[in-house]
Structure formats: structure tokens, C-alpha cells
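Reader: I've got a model open and I'd like to learn how to read it. Could you walk me through it, one feature at a time?

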Amino acid sequence: MRAVIWKEPHKVAVEEVEDVSMTEPTDAILRLTTAGICGSDLHMYEGRTPVQPGEVFGHENLGVIEEVGSGVRTVEAGDRVVLPFNVSCGFCFNCVRGYTNACLVTNPTSHGGGFGYSGLGPHRGGQAEFLRVPYADFNCLKLPGTPGDDLEDDFLLLADVFPTGWHATEQAHVEAGEPVAIFGAGPVGLMAALSARLKGASEIYVVDAVRSRLDKAREIEGTVPIDLGDGDPVEQIIEHRRPFSQQVWNLRPGSGDKMPGVMSGIDAVGYEAWNDEHVGEEQHPSQVLDHLVELVNPTGHISLIGVYFPEDPGGVSEEAKRGRFGFDLGACWKKGIGVEMGQAPVKAYNQQLRDLIVAGRCKPSFFVSHHLPLEGAPEAYEKFDQRADGYLKILLRPQQAA
Ligand SMILES: NC(=O)c1ccc[n+]([C@@H]2O[C@H](COP(=O)([O-])OP(=O)(O)OC[C@H]3O[C@@H](n4cnc5c(N)ncnc54)[C@H](O)[C@@H]3O)[C@@H](O)[C@H]2O)c1
Ligand SMILES: [Zn+2]
Ligand SMILES: [Zn+2]
């Protein structure tokens, strides 16, 4: 079968690889109809997380079940399903508590399994014609409709970025009637903005430097795009919300200007953040965290949904290479800000979000920019890695001829 494999930093190729097969009675085989390329794939693409030549990428997987093992009960050949990017067992200490991002069974060397990702266990990725699905009963989310229908792209986003964006709003305690700021207008930032809108946030600010991404953010009702190129994003947001905040805070005696910022802040950028002054350059990996500590009001919450790795061979300093990032802990403590971080447990949200999509309450695929056969992956990775204008979300159609 054909698959997207990693060759060397900044190079992937589409080649014939060994067919997948079931190794456990609880497995299934999925025939992919759509596989997404994710911002997280870029960490491996660039060689910033250890990856071996020949590894198959792909953790956003949607398709039709081809075959199931003798122990699978609730899924059968012909079912249309989407998989969480997490691979989880459903019965370990963490899975039963809902923390499928930290499954203790599916990764022999650590907690947390995932498809097509270095460090997340031996699970091949789905940017390929077929994929082995462990613990198929637990990991498959069944979908209505038929492959290639109007909801194909929306359903694909249930594998990662929509539940991940939703999780960011949970980590940041986004509440109806409260303001939120999101740094990064990539797929995760946009899905966090959509989730904040669905939850009824009063104001949604989305910060980035890429014009076409900010334009997409503007399409989400109630969202104000903030361009890094127009100056300090914290000042811009405080200035923008001043008329509103003064109106409401003046109703609360003694409050004055003590709460000029937002109640929830989301870092949807991670350790590869660009510097404000030199957009496109990474010299200050905790740039976004610094901004959020300044911007979030006392008693507010911050979500670090963007990735920070414990090891980063491409880090800008010895500290960054070891996953140590400085930030204003004192200010954060004084304000009593809660900070949450880590990988999203997709399964905690994906069926509810599926039902919102089916009910027509949201259409997350509004920002999908490209549909390509597998053979389009090498060029698409290159452009997406450069954050090239217009390359926002690339979906591969593995059954489509080149
Ligand atoms: N926690 C999880 O479970 C999870 C899941 C999926 C993705 N992620 C991570 O979320 C992050 C975002 O993913 P994505 O797919 O949207 O990636 P992306 O790279 O497409 O988006 C990041 C965006 O941040 C912008 N940016 C860079 N520096 C900035 C700065 N200083 N201020 C504001 N914006 C800045 C870039 O222009 C880009 O648009 C990545 O780190 C990814 O690995 C985490
Ligand atoms: Zn991802
Ligand atoms: Zn488990």
C-alpha cells in the first residue's frame, strides 16, 4: 500500500510500504477516505522530535472499516468511523477516568499512545491507504452518512483539532459572558475560537501574523483578529476592549481598571512561537506565555494547548533544548491564575461535537484549504511548514489516484 513516510528533516515522500495487518482480536483495519496533515506533524517533519526514516505519519484518520478482529463487538466492516489521535485502551486507570491522553496500556515506554507520532507508541499513522486500529470498539467513533458527503471534512476534524480546540477552552475555563484571547490562528486556535463562540464567550480575540489566517478567524461570529504586525498584542486587546470593560466594570464599585484583560487565555502556538519584533524568527519560546500572564485578569485561567516538548534538538538555547522555559511565575502567582496544559483527551468530547455537527449547529471545516491525493503530501508539507499564505488545513484523500 502507499503511505507518506518521513525521509529526513524537511522531506517526506509517498512510497510503497508493507501492508497493515491485525495482530490482536480487538483490532480493526480502516480504509482511509481522508487523512489530515496537522501542525503537530510539522514538529517531526522539521526533525525537532526524534523520528526514524520510513515512519508513516498521520493521526487525523477518517474512513470505512475494512475488517474487524474476532473480539470486536460494536464495529463492523462497512462502518464509517473517525479515530481520536490518541490510541487508548478504555480500561486502564487513566482511561476509565476519561484521561485517554495518558493511557497506560498503548505505549510501552510512557503514558499516552497516539497514531503516527514519535514517542507515542508503535502505532503507524494514517496518511496511507490503510491503518491498523487497536482496541477498535473503544477508539472508533461511528458516523452517519457516506464517504465523500457534505460532512466528510467536518468529521475529519473530530480526530484532533476540533476536540483539541474545545479542550483548550475547558483548560482555560471559558465561560458564557466572559472574554477570551487566543494566540495562534492555526487550525487549533481557530477551533478554540469556534468552541468559545459555541460556549457563549462575550469577546473572542485571535492573535497571529498571517493575514489569511486572521481573515478566517474573522469568519467566526464575535471574533476580533489581532495582527502582530500592528504592535504589542496585549496593548491592542486591552485597548479594543476598553469601551466594553469600562461599561461593565463601572457598574461594579471599586473595580476600576483592575480587570482590563481577559478571563481566559489560550496559547495555541507552543514552543515554536515567533518573536513579536521579528515575526518568522524564534528567539523567545515563551513569548506567548509572557503575553498571557500579562493579559489574563486576576483569578483567570490559561491553557497551554500548543506543544512544549521536554527535549527539542532545535531549541534556541541550552535551556530550551531541555524543555526549560522561563516566564513570569511571580506575576502569575500574584494574580492567582490557573494554568493547565497537555494533550487533549479527544474521546471526552468527540461524540458530543459530532452531534453538534450533525445537528447543523456548527461547520468546523470552514477553514479547510486543500484536498489532495497522497502524492500531494510532499509539496503540501513544505508549504504548510512555511505557513505559506492560504495553506491552512490540508486534507489528503488516500483512495484518490495521483
Ligand atoms: N495539546 C494537544 O493535544 C494538541 C493537539 C494538536 C495540536 N497541538 C499543538 O497546537 C499548536 C498549534 O497547532 P496548529 O495545527 O494550529 O499549528 P500551526 O503551526 O498551523 O499554527 C500556529 C500558528 O501560530 C502562529 N504564531 C507563531 N508565533 C506566534 C506568536 N508569537 N503569537 C501569535 N501567533 C503566533 C503562526 O503564524 C501559526 O498560524 C502546535 O504546537 C500543535 O502541535 C496540540
Ligand atoms: Zn494533531
Ligand atoms: Zn488506557
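Reader: Let's start with helix 9. Which strands does helix 9 lie across?

Author: This is a predicted model, so keep that in mind as we go. Helix 9, residues 287-295, lies across strand 10, strand 13 and strand 14 (296-304). Its direction runs at about 175° to strand 13.

Reader: How many of the residues of helix 9 are buried?

Author: Count them: 7 of the 9 residues are buried, so helix 9 is largely enclosed by the rest of the structure. The buried ones are Q287, V288, L289, H291, L292, V293 and L295. They pack against strand 10, helix 8 (233-249), strand 13, strand 14 and helix 11 (329-335).

Reader: Helix 8 is in that list. At what angle do helix 8 and helix 9 pack?

Author: The general idea first: two packed helices are described by the angle between their axes and the distance between the axes. Here, helix 8 and helix 9 pack at about 30°, and their axes are 10 Å apart. That makes helix 8 roughly parallel to helix 9, because angles under 35 degrees count that way. Helix 8 passes helix 9 in a right-handed crossing. If you want to find the meeting point on screen, look for P233, V234 and I237 in helix 8 against H291, E294 and L295 in helix 9.

Reader: Now the sheet. What is the order of the strands in the open sheet of 6 strands?

Author: Read across the open sheet, the order is 12-11-10-13-14-15, and the pairing is parallel. Strand 12 (223-227) and strand 15 (338-341) stand at the edges with a single partner strand each, so one side of each has no neighbour in the sheet. Ignoring direction, neighbouring strands of this sheet are turned by 20° against each other on average.

Reader: Can you zoom in on one pair of strands for me?

Author: Sure, take strand 10 (residues 180-183) and strand 11 (residues 204-208), which pair in the parallel sense over 4 bridges. To line them up, use A181, whose bridge partner in strand 11 is Y205. Then there's I182, which stands opposite V206 in strand 11. Helix 6 (residues 187-199) packs on the sheet here, touching strand 10, strand 11, strand 12 and strand 13 (262-267). The direction of helix 6 makes about 175° with that of strand 11.

Reader: And which residues of strand 10 are buried on each side?

Author: The rule of thumb is that in a regular strand the side chains alternate between the two faces of the sheet. In strand 10, V180 and I182 are on one side, A181 and F183 are on the other, and all are buried. Both faces of strand 10 are covered, in other words.

Reader: Back to helix pairs. At roughly what angle do the axes of helix 5 and helix 6 cross?

Author: Roughly 60°, with the axes of helix 5 (residues 161-171) and helix 6 coming within 7 Å. Helix 5 and helix 6 are therefore oblique to each other. The crossing of helix 5 past helix 6 is right-handed. Among the contact residues are F162, G165, W166 and T169 of helix 5, and V188, M191, A192 and S195 of helix 6.

Reader: Is helix 5 mostly covered or mostly open, and what lies around its buried residues?

Author: Mostly covered: 10 of its 11 residues are buried. The buried set includes V161, P163, H167, A168 and Q171. What covers them includes helix 6, strand 13, strand 14, strand 15 and helix 12 (350-358). After helix 5 comes H173, with a positive phi near 55°.

Reader: I've been looking at E46 too. Where does E46 lie, and is E46 buried or partly exposed?

Author: E46 lies in the loop between helix 1 (39-45) and strand 4 (60-68). It has 16 other C-beta atoms within 10 Å, so E46 is partly exposed; buried would take 20 or more. Setting aside neighbours within four places in sequence, E46 is in contact with P9, H10, G314 and D385. The C-alpha atoms of E46 and W6 are 10.0 Å apart, with their positions 40 residues apart along the chain.

Reader: Last one, for the protein as a whole. What radius of gyration does the protein have?

Author: It has 21 Å, which agrees with the value near 21 Å for a compact globule of 402 residues. The C-alpha trace spans about 65 × 45 × 40 Å along its principal axes. Buried residues make up 49% of the 402. The secondary structure comes to 13 helices and 17 strands.

Key: Residues are numbered from 1 along each chain as its sequence is written. Chains are lettered from A and ligands numbered from 1 in the order in which they are written. This is a predicted model: local features need pLDDT of at least 70, side-chain atom pairs count only at pLDDT 80 or more; totals for chains, interfaces and linings use all residues. Helices (H or I, at least four residues) and strands (E, at least two) are DSSP runs, numbered from the N terminus. A residue is buried if 20 or more other C-beta atoms lie within 10 Å of its own, exposed if 12 or fewer, and partly exposed in between; C-beta atoms are placed from the backbone. Two residues are in contact if their C-beta atoms, placed from the backbone, lie within 7 Å. The radius of gyration is taken over C-alpha atoms; the globule rule is 2.2 Å times the number of residues to the power 0.38. Two strands pair if DSSP finds at least two bridges between them. Axes are lines fitted to C-alpha atoms, for helices over the stretch in contact, and angles run from 0 to 180 degrees between N-to-C directions. Angles under 35 degrees count as roughly parallel, over 145 as roughly antiparallel, 65 to 115 as roughly perpendicular and the rest as oblique. A crossing is left-handed if the near helix is turned anticlockwise from the far one by less than a right angle, and right-handed if clockwise.
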